[in-house]
Amino acid sequence: MSQVVQDEKRERLTRIVAAASLAASSIYIVWRWGWTLDTGALWFSVPLALAETHGVLVAVLLTCTAWTLRQRAPRPALPGRTVDVFVTVADEPLATIRKTALAAREIRYPHTTWLLDDGHREELRVVADEIGIRYLRRDDRSHGKAGNLNHALQHSSGEFILQLDADNVALPQIVDRLIGHFEDEQVAFVQSPQDFYNTDAFSDDTSAGRRQLWGDQQLFFNVLQPGKDRANAAVFVGSCAMLRRAALDDVGGFGTHTGTMGTETSILLHARGWRSAYVNENLAFGLAPSTAHAYQMQQLHRAQGGMELLRRYPPLALPGLTRTQRLEYFETLTAPLGSVQRVILYLTPIVFLTTGVFPVRASVGVFAAFFVPAALLRAASFKLLTRGQGSLLLADRYWMAKFFTHLISVRAYFTARRLSFRPQAEKGAAVPLRTVAPQLALLGLTAVALAWATYARTLGYSAEVPGWGLLALFGAVALALWHAGLAAHVVQLSLAGRHRRAEHRFAESLSVALRVMRADGKLSSTDIAVTDDLTATGLALRCMYAIPEGARVELSLPLSSGEVHVRGHVVRHATSETQLGTVHLAGVEFDGISRETRDAIELHCAQHAMPLDQQRLRRGSMGAAAIGRLRDLRGERRVEVGMPARVFAGAEASADDLGVGLLEDVSPRGGRVLLDHPVTEGTHITLQIPGSTVRASGRVVFVHALETGLGMRFVAGFQTDAGDGGSRAPAPATAPWYAAVLRLAARTTSAAATGSAAA
């Protein structure tokens with residue numbers, strides 16, 4: 001069966017389930033309002049019914065948006081157009097800005113890069129001169145980023161504008177992939193996703209072992225934006241987009257009247273009859289809020305900006321919008337109202353446990369007959385409509401994290417006075433109490449409610465709900481504990497982010513040639529190691545030989561732009577003895593590298609290492625993780641290794657040398673290795689871990705190519721040789737190899753933890 005037929009059947013199933021879900025939910029809500037309200041406790045019963053009604057309305061809007069997703073085919077770049085690349089800067093760290101400016105300069109399509117400094121820092125003028133880009137700043141900071149961009153429009157002349165924030169590292173092909181969609185003269189802007197390279201951020205949930213990544217904005221960019229694009233209602237989000245200057249001139253430039261410049265600009269453009277396009281391809285990567293405090297500040301900015309827009313440009317009444325555009329903008333701008341629903345749901349079990357008042361007048365059997373089918377269909381519909389990109393569990397977690405921030409932002413609809421906002425101000429030093437105060441308050445209320453319910457039950461004060469018996473009590477306790485668990489998890493995550501590194505380290509696996517300076521001042525013979533991570537200031541090495549702390553080293557780094565040579569010294573190390581030798585992890589700090597070398601490392605990390613690492617992470621699809629866990633239970637245990645291995649194409653070590661790769665993981669049947677050189681399926685390969693006696697051979701069963709604008713890597717999965725030469729069962733020799741690698745991997749993990757603590 002072809003992939004096209006499978007996709008068509010999946011889409012048909014999605015629409016059938018979605019329609020059934022809306023029907024069941026509608027029947028449930030009508031029943032709730034018509035037959036289940038407790039007239040003696042309307043103060044409690046009506047808010048809960050309103051919260052449930054809001055959930056159904058959200059499901060209706062999601063169904064309308066995600067019914068069909070538009071996936072645009074690539075278009076050839078328009079030749080000979082003039083492009084200005086605007087990098088907007090306020091108070092961001094100099095190292096972050098420099099990385100972004102370097103990547104912007106290296107964009108392939110002919111362009112002029114502008115560094116728009118709203119922070120009035122002379123050192124940025126020096127950076128711009130060093131890199132060779134234009135520098136511009138204004139006298140004041142009125143209207144924030146929008147004012148900065150409008151000032152730049154007055155001093156530039158490009159037909160098209162690529163707008164990037166200070167942390168948006170662009171890939172070299174970004175303009176080539178976007179500008180072709182301006183062939184339609186009515187297209188005002190082309191938006192691409194906002195993606196992030198610091199996957200350890202508060203707003204991301206990453207499982208390195210499963211190579212799974214779920215981001216807080218993933219559903220918006222991978223499902224909602226393609227759905228809105230079908231209705232010509234894709235939203236300009238304020239960065240990672242190209243805009244037509246003529247369209248901006250038509251609406252008076254970037255919007256300055258609300259806190260969400262991007263959405264304001266796009267709604268004005270759509271109201272004037274301009275079209276938009278959404279290209280669902282990651283072409284730039286930024287920095288997500290690394291801590292809970294920074295995440296809350298970002299959410300406050302977006303939510304109150306949405307409320308301001310809802311008041312100033314009500315989409316349901318704004319002239320010029322089509323009916324579908326009105327609906328799509330209404331869905332986008334009213335998202336913060338979900339916080340009111342969440343508060344009601346969080347307080348419902350607490351109120352019942354403390355007062356004994358039950359908000360539903362119906363027996364448990366009748367309630368289940370209406371509620372259970374609606375709930376199950378809604379969960380299935382959500383999973384199908386989001387095409388595997390949505391997770392109800394993680395959505396609940398992030399609603400718990402931001403519900404209070406969104407709740408207080410609602411007042412921006414009623415007043416022009418803005419709440420305080422300090423973008424990305426947190427650097428991980430401390431978590432203000434107010435960041436987790438709402439979650440702590442919910443934990444406290446839950447504890448009081450549970451204690452009171454227990455006390456009342458013991459003394460006989462707690463009456464059973466007619467038609468429910470003890471099920472009402474047990475259900476309320478379970479729901480309260482679920483919410484408390486979410487709140488505790490958010491608090492734990494918030495506190496865990498206090499000590500993140502100030503500079504992000506790019507995950508990179510390079511086989512490097514290393515020489516250690518001996519006590520007599522001479523360099524040792526060349527050894528091999530593999531990098532764990534890389535920045536312009538240093539790297540982490542993984543090897544099978546000792547490099548003592550303080551030792552001076554010389555390294556050859558095979559970057560995508562060519563080999564560079566650096567010197568440095570070991571600032572930390574960790575060691576652990578094993579039966580096969582010693583595993584070592586070493587942190588190296590570079591010594592006085594040249595500006596050219598630093599720029600080469602920065603560009604390699606930003607435009608090659610980062611997108612490669614992102615390609616190795618699967619977005620969404622929680623089902624894939626579940627399948628992986630089941631496979632482990634069946635005995636197919638796949639263990640992360642992350643060790644250097646010299647790979648040969650052939651059964652003997654004298655065969656073609658494929659260089660040093662990274663042995664990513666192993667199972668009883670084989671493993672997976674990351675290579676710089678291509679290899680074909682069926683090739684017999686031999687692996688030797690340097691510095692140990694661990695050696696294995698097998699046949700390549702799959703090859704995945706990872707490609708960026710600067711080069712390629714290859715992930716090869718191999719199956720170890722079987723005793724009969726063809727069986728899938730592991731050979732007797734495989735088990736000792738697997739066990740030996742596991743022992744090394746366990747020691748390496750232990751060493752890594754020790755080294756991290758020492759750092």
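**A guided tour of the predicted model**

Begin by colouring the whole chain by confidence. This is a predicted model; the average pLDDT of the protein is 84, and 84% of the residues score at least 70. Next, select residues 421-429, where the pLDDT falls below 50. Beyond near neighbours in sequence, the model gives this stretch 19 contacts. Then move to residues 748-759, a further stretch with pLDDT below 50; here the model shows 14 contacts beyond near neighbours in sequence.

**The sheet**

Now display strands S5, S12 and S7 together. They form an open sheet of 3 strands in the order S5-S12-S7, and the pairing is mixed. Select residues 169-170 for S5 and residues 195-196 for S7: these two strands stand at the edges. Each has a single partner strand, so one side of S5 and one side of S7 are left without a neighbour in the sheet. Strands of a sheet pair through backbone hydrogen bonds, in either a parallel or an antiparallel sense.

Add residues 284-286, which make up S12, and inspect its pairing with S7. In which sense do S7 and S12 pair, and over how many bridges? The sense is parallel, over 2 bridges. To locate one bridge, select Asp195 and Phe285: Phe285, in S12, is the bridge partner of Asp195.

**The cysteines**

Finally, turn to the cysteine residues. How many disulfides does a search of the whole structure find? The search returns 0. Select Cys64 and then Cys240 to examine their surroundings. Cys64 has a relative accessibility of 35%, so this residue counts as partly exposed. Cys240 has a relative accessible area of 1% and is therefore buried, the cut-off for buried being under 20%.

Definitions and conventions
Residues are numbered from 1 along each chain as its sequence is written. This is a predicted model: local features need pLDDT of at least 70, side-chain atom pairs count only at pLDDT 80 or more; totals for chains, interfaces and linings use all residues. Side-chain values use heavy atoms; hydrogens and water are left out. Two strands pair if DSSP finds at least two bridges between them. Helices (H or I, at least four residues) and strands (E, at least two) are DSSP runs, numbered from the N terminus. A disulfide is a pair of cysteine sulfur atoms within 2.5 Å. Buried means under 20% relative accessible area, exposed over 50%, partly exposed in between (1.4 Å probe, protein chains only). pLDDT is the predictor's confidence in each residue, from 0 to 100. Contact means heavy atoms within 4.5 Å.
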